[in-house]
Amino acid sequence: MSADTHEEIEYRVSTLELFFDLVFVFTITQLTGKLADDTSPLGFAQIVIMLFVILWMYFGYVWLTNAVPPNTTLRRLLLMGGMGGFLVIALAVPNAFGSAGIAFGVGYLIVNLVHSGLFISAAGPGSAAAMARLAPFNLGSAGLVFIGGFLPSTWRAVAWTAAVALMILSPYVNRRHGEFQIRSAHFVERHGLVVIVALGESIIAIGIGAAGLPINLQLVVASLLGLALVYQLWWCYFGREQDARAEHNLASMTPSDRARAALSAFGFAHAPILLGIVVVAVGVKKTIGHATEHLYFSGALALGGGAAIFLLGEIYFRWRLRIGSNTWRAAAVIAALATVPIGLWLAIAQLGALVLVFGVLLVVEGKRAV
């Protein structure tokens, strides 16, 4: 294995990386708004495709800054170029399967080119060599996204789905993961901040849902229940120092195992975690404005189903990094889905039921930790 010379050096997330995340906040807002406007199966499928395409390169930039600290003017300027590409993507999200498809594809191609170029030119020899083998796959998927932007919506969906398939397959074709440099502390902290950003969108959803409504008891109760649910999602991810345990377990692995675990636990597991947060935000947004009414099936499913998707991602994340038992979380998946019929009767009741489900989970897991 070819190792990087700066393998043992650790550092924390830089303020420039946090600045970079501001665009991701906007991207999550755009995806949430898009799904809230169209909760049909087709609308959900489009969100899943776009979210995975976006997350693949967004997480790619996490791997990039993990190997290449943005500590020179040139590196910062190139990261700003990538940030500009992500901004174009975010602007295109609402009509990406319509007239904005070309803009989405162009932005994605820019993001990809900056990522591959900076990674290969500035990373240590091991990481750069590994990225050089992965870059053709990334550029191939970016090419499919770019070409898809010029195609009719149906064929665009086919091209972008093919891009997602290529993304998923590429790490298994290029099996020499151990050459990638993984600094555990920075890696875990960076992904934790991404989750915080996504949870912030759920808070924003409460405010958007309440906009223009009279401040009465039902609105206050519904808003507080929404806040409680977001806090419980936070606890599921960060509670009982789960992030510290993740960092410790990741750091204790061999370089090859660490890279594979980073891909699965922080890539494939975080996709459903973030998707679940987005879908829950849509459900919360729809609930706040209709707290004492029934939800349509799509809204009720967004609340219960979004929570279930989040928990499934969490279960895989914890299993992959060997962080505790998942028995109660698996039970919570079923319980979250069981709240859907409640929402068809009364929106605020389903929100309260979900808070109860997560509350029981928190209490039970808290007792098991004592």
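**Exercise 1: the lining of the largest cavity**

Task: In this predicted model, work out how the lining of the largest cavity divides by class, and which helix gives the largest share of that lining.

Solution.
- Step 1. Sort the lining by class: you get 16 nonpolar residues, six polar ones and no charged ones.
- Step 2. Check that against the full lining, which is made up of 22 residues. W56, G60, W63, L134 and L263 are the ones nearest the centre of the cavity.
- Step 3. Now look for the elements that give two or more residues: these are helix 2, helix 4 (101-122), helix 5 (125-148) and helix 10.
- Step 4. Helix 2 comes out on top, with seven residues, the largest share of the lining.
- Step 5. To round things off, the space inside this cavity is about 330 Å³, and the structure has three cavities of 30 Å³ or more.

**Exercise 2: the largest pocket**

Task: Find out which helix gives the most to the lining of the largest pocket, and how many of the lining residues are charged.

Solution.
- Step 1. Start with the volume of the largest pocket, about 240 Å³.
- Step 2. Go round the wall: 14 residues line this pocket, and T39, F44, S298, L301 and A302 sit nearest its centre.
- Step 3. Helix 2 (41-67), helix 11 (270-288) and helix 12 (297-320) are the elements that give two or more residues. Helix 12 gives the most, namely seven.
- Step 4. Class by class, the pocket lining holds nine nonpolar residues, five polar ones and no charged ones.

**Exercise 3: a salt bridge between two helices**

Task: Which residue forms a salt bridge with D21, and are D21 and R190 buried or exposed?

Solution.
- Step 1. Here's the idea to keep in mind: side chains of opposite charge can pair when their charged atoms come close.
- Step 2. The partner of D21 is R190, and their closest N and O atoms are 2.9 Å apart.
- Step 3. Place the pair in the chain: D21 belongs to helix 1 (residues 15-37) and R190 to helix 7 (residues 184-210), so this bridge links distant parts of the chain, 169 residues apart.
- Step 4. Buried means under 20% relative accessible area. D21 is buried because its relative accessibility is 3%, and R190 is buried because its value is 1%.

**Exercise 4: a salt-bridge network**

Task: Which residues do salt bridges with shared partners join into one network?

Solution.
- Step 1. Begin with the total: the structure holds six salt bridges.
- Step 2. Take R240 and E365, whose side chains meet in a salt bridge at 3.9 Å, N to O. R240 lies in the loop between helix 8 (217-238) and helix 9 (242-251), while E365 is in helix 15 (residues 347-369), 125 residues apart.
- Step 3. Compare their surroundings: R240 is partly exposed at 34%, whereas E365 is buried at 4%.
- Step 4. E365 also forms a salt bridge with R329, with 2.9 Å between the closest N and O atoms. R329 is in helix 13 (residues 327-338), 36 residues away from E365. Both E365 and R329 are buried.
- Step 5. Put it together: R240, E314, R329 and E365 are joined into one network.

**Exercise 5: S264**

Task: Is S264 buried or exposed, and what does its side chain reach?

Solution.
- Step 1. S264 sits in helix 10 (residues 255-268).
- Step 2. S264 is buried because its relative accessibility is 5%.
- Step 3. Its side chain reaches the backbone oxygen of A261 at 3.4 Å.
- Step 4. Leaving aside neighbours within four places in sequence, S264 touches A269, Y316 and R320.

Terms used
Residues are numbered from 1 along each chain as its sequence is written. This is a predicted model: local features need pLDDT of at least 70, side-chain atom pairs count only at pLDDT 80 or more; totals for chains, interfaces and linings use all residues. Side-chain values use heavy atoms; hydrogens and water are left out. Helices (H or I, at least four residues) and strands (E, at least two) are DSSP runs, numbered from the N terminus. Buried means under 20% relative accessible area, exposed over 50%, partly exposed in between (1.4 Å probe, protein chains only). A polar contact is a pair of N or O atoms within 3.5 Å; within protein, one must be able to donate a hydrogen and the other to accept it, and residues adjacent in sequence count only if both atoms are side-chain atoms. Contact means heavy atoms within 4.5 Å. A salt bridge is a side-chain nitrogen of Lys or Arg within 4 Å of a carboxyl oxygen of Asp or Glu. On a 1 Å grid over the protein atoms alone, a cavity is a set of points where a 1.4 Å probe fits but cannot get out, and a pocket is an open set with protein on both sides within 12 Å along at least five of seven lines; lining residues have an atom within 4 Å of a point. Grid points are joined across faces, edges and corners, and a volume is the space filled by probe spheres set on the points. Ala, Val, Leu, Ile, Met, Phe, Trp, Tyr, Cys and Pro count as nonpolar, Asp, Glu, Lys and Arg as charged, and the others, Gly among them, as polar.
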